[in-house]
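Let's take a walk through this model, one chain at a time, and then look at where the chains meet. Keep the 3D view open as you read.

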Amino acid sequence: MIKLINVNKKYGNFEVLKNISFEVKKGTIYGFLGPNGAGKTTTMNILSGLIDFNDGEIYLNGEDFKNNKRKLLRKVGYLPQNPVFYNYMNANEYLHFIGEITRMPEKNIRERSIEILEIVKLSSQATKKIGLYSGGMKQRLGIAVALFNKPEIVFLDEPTSALDPEGRMEILEFIKGLKSGGTTVFLSTHILSDIERICDEVSILDKGQILLSDNLVNLKNKYIQPIIDIEFEKQCEDLNKFLLDFKWVDKILINENKASIYVNNLDVAKEQILKLLATRENVILSYNIRRSNLEDIFMGMVNKNDNL
Amino acid sequence: MTTFKAYLKKEMMESSRQYKYIILAVGIIAFAILDPFMLKLLPKILEKQLQGDLSSLFIATPKSAINNYIKDLFQIGTLFIIFTVASTLTDEINGEKLVFPYSKGSSPRGIVLAKIIHYTIMVIIFTFIGFLTCYYYAQMLFQGEKVSLSSVMNSATLMSVYNVFNITLVAFFSSFVNKSVVAGFITLMITFLSALLVNLNYIGKFMPYKLVQGANSFTLENYYCTIVFSIVCSILFIIFTIFRMNKVEVI
């Protein structure tokens, strides 16, 4: 559905995107993850035709994006991070304006406006000037605009960032619903739990490079491992030397008196770790076994990239 | 064409809700009413202040009343037109208002043409209304050298071409700069520079300000070259603006 091959974007000498390549399959929810300034929004802006790219190839539905941009964009919906509207219009007028741009017949525009405003729960505010809307309402209207012409592909840039927890859950459920309707969703966020909740595939972007691209299930199988979190009474910097010699320990992250021990054999680790630590003079305050999550994978990847 | 229609409607809505029509009407038509009345009342006001007969100093005729209106239209009306249109593209680009339309595949050509044609039609209508209003009051209030209606329409045509030139020029700069005020001042500088260069031998007849001189003499004769040149320049500015809007990053 969407294919990027060695896409490069520069501002002067600064390379924002360094030959990124990935592919998004039809009807999936694709999570695009990265810290601030990684290049997520730049990628989104390129894919929604708002800015050009310097090098590489992009294909949408197998068609070359650069040469068929205007035509292909009619199949695309985009929700920017901070949606901007004409504040003197109301929601009905703005949707009508968007409907005309996307060449929808008058009757369809009217019907779709009622339908989409109902979906984003703005029906009662449809005749209120957009300038008087709250941030959350503008975000909802942005979603309505992005989806107004029933696009095949939707790009959502931080769609839940301005919403309260309840609104966030509603939007996530709504995005899930889009997938069941056959729409391909490309979602950029740094809220990792959102990605875990709804995405099928994920890419991690950092400093303009794709660090990882995989199916979320494969990713969990490949990278997710048990972690034992232990809190000691005193500092525990010397724990590395003490435990890293054991084969069942992969790595240890230490933060003052807290340690996260990544193990590859949980059964052995459970049996031995407390016995070993009991021989030391540092009292254990708490002990917890957990599974690593996407956040651990993300932090691991980004930290590794920082050290390169 | 769909983008053009959508943006034309949007421009009309914006202009009426943000009082742009009123601003343009005040800048163009208000002087058509005020000038003849002020010219009529001024000697009487000064007479009371200076205690003397000043009638010989103020010889006002219908023609001089219209000339006075043309002068104000150039000096003040131009300011209203330029600074009203100056924000048309710069606000949309820098305010990120084009993000949704561009991401929906709208055509930059349609956007530029809708904006320029909208302002062009409005300014031409207001200019002709202004000249007709001024002609009516000038004929009603003054005696002496008269001007025929067809001659006044010649002046209105020349001033309309001049205003269209200014609209396309300011729209062009509006697509380049970050602040509408800057686009307005650059256009204003060019307008005043054109007035300074108008008396030069070879390039004088290509200066758009020549159209204002023509309007003052109420004839189209000898001004065809300037009209054609101004229209060609306006078309070129529109083409450059479309080119720019195709390349501009709207976010």
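## Chain B: helices all along

Let's start with chain B, keeping in mind that this is a predicted model. What is chain B built from? It has 10 helices and zero strands. If you follow the chain from the N terminus, the elements read α-α-α-α-α-α-α-α-α-α. The radius of gyration of chain B is 20 Å, and the globule rule gives 18 Å for 251 residues; these are close, so chain B is as compact as a globular protein of that length.

Now picture a box drawn along the principal axes: the C-alpha atoms of chain B fill roughly 70 × 45 × 30 Å. Of the 251 residues in chain B, 46% are buried. What about the contacts inside the chain? Take those with a separation of 6 or more: in chain B, 81% of them are between residues 24 or more positions apart.

## A stop at B:Ile231

Here's one residue to click on. B:Ile231 sits in helix H10 of chain B, which covers residues 224-247. Is B:Ile231 buried, exposed or partly exposed? It has 14 C-beta neighbours inside 10 Å, and that count makes B:Ile231 partly exposed, because being buried takes 20 or more and being exposed takes 12 or fewer.

You can also check a distance from here. B:Thr168 is 63 residues away from B:Ile231 along the chain, and the C-alpha atoms of the two are separated by 9.9 Å.

## Chain A: helices and strands

Over to chain A, which has 11 helices and 14 strands. Its C-alpha atoms fill a box of roughly 80 × 45 × 35 Å along the principal axes. Chain A has 308 residues, and 39% of them count as buried. Among the contacts in chain A with a separation of 6 or more, 68% are between residues 24 or more positions apart.

## A sheet in chain A

Strands of a sheet pair through backbone hydrogen bonds, and they can do so in a parallel or an antiparallel way. In chain A you'll find an open sheet of four strands in the order S2-S1-S4-S5, and the pairing is antiparallel. Which strands are at the edges? They are S2 (14-24) and S5 (63-64) of chain A, each of which pairs on one side only.

Zoom in on one pair. Strand S1 of chain A (residues 2-11) and S2(A) are joined by seven bridges, in the antiparallel sense. For a single example, look at A:Lys10: its bridge partner in S2(A) is A:Glu15.

## Where the chains meet

How many residues of each chain take part in the contact? There are 24 from chain B, touching 23 from chain A. On the chain B side, the elements giving two or more residues are H1 and helix H5 (99-103). H1(B) gives the most, with eight residues. By type, the chain B side splits into eight nonpolar, eight polar and eight charged residues.

One helix pair is worth a closer look. Helix H3 of chain A (residues 91-101) packs against helix H1 of chain B (residues 2-17) at an angle of about 155°, and their axes are 8 Å apart. Since angles over 145 degrees count that way, H3(A) is roughly antiparallel to H1(B). From H3(A), the contact uses A:Phe97, A:Glu100 and A:Ile101, while H1(B) brings B:Thr2, B:Thr3, B:Lys5, B:Ala6 and B:Lys10. That makes a mix of three nonpolar, two polar and three charged residues in the contact of H3(A) with H1(B).

Definitions and conventions:
Residues numbered from 1 in each chain as written. Chains lettered and ligands numbered in written order. Predicted model: local features only at pLDDT ≥ 70, side-chain atom pairs only at ≥ 80, totals over all residues. Axes fitted to C-alpha atoms, helices over the stretch in contact; angles between N-to-C directions. Parallel < 35°, antiparallel > 145°, perpendicular 65-115°, else oblique. Contact = placed C-beta atoms within 7 Å. Nonpolar A, V, L, I, M, F, W, Y, C, P; charged D, E, K, R; others polar. Rg over C-alpha atoms; globule rule 2.2 N^0.38 Å. Pairing = 2+ DSSP bridges.
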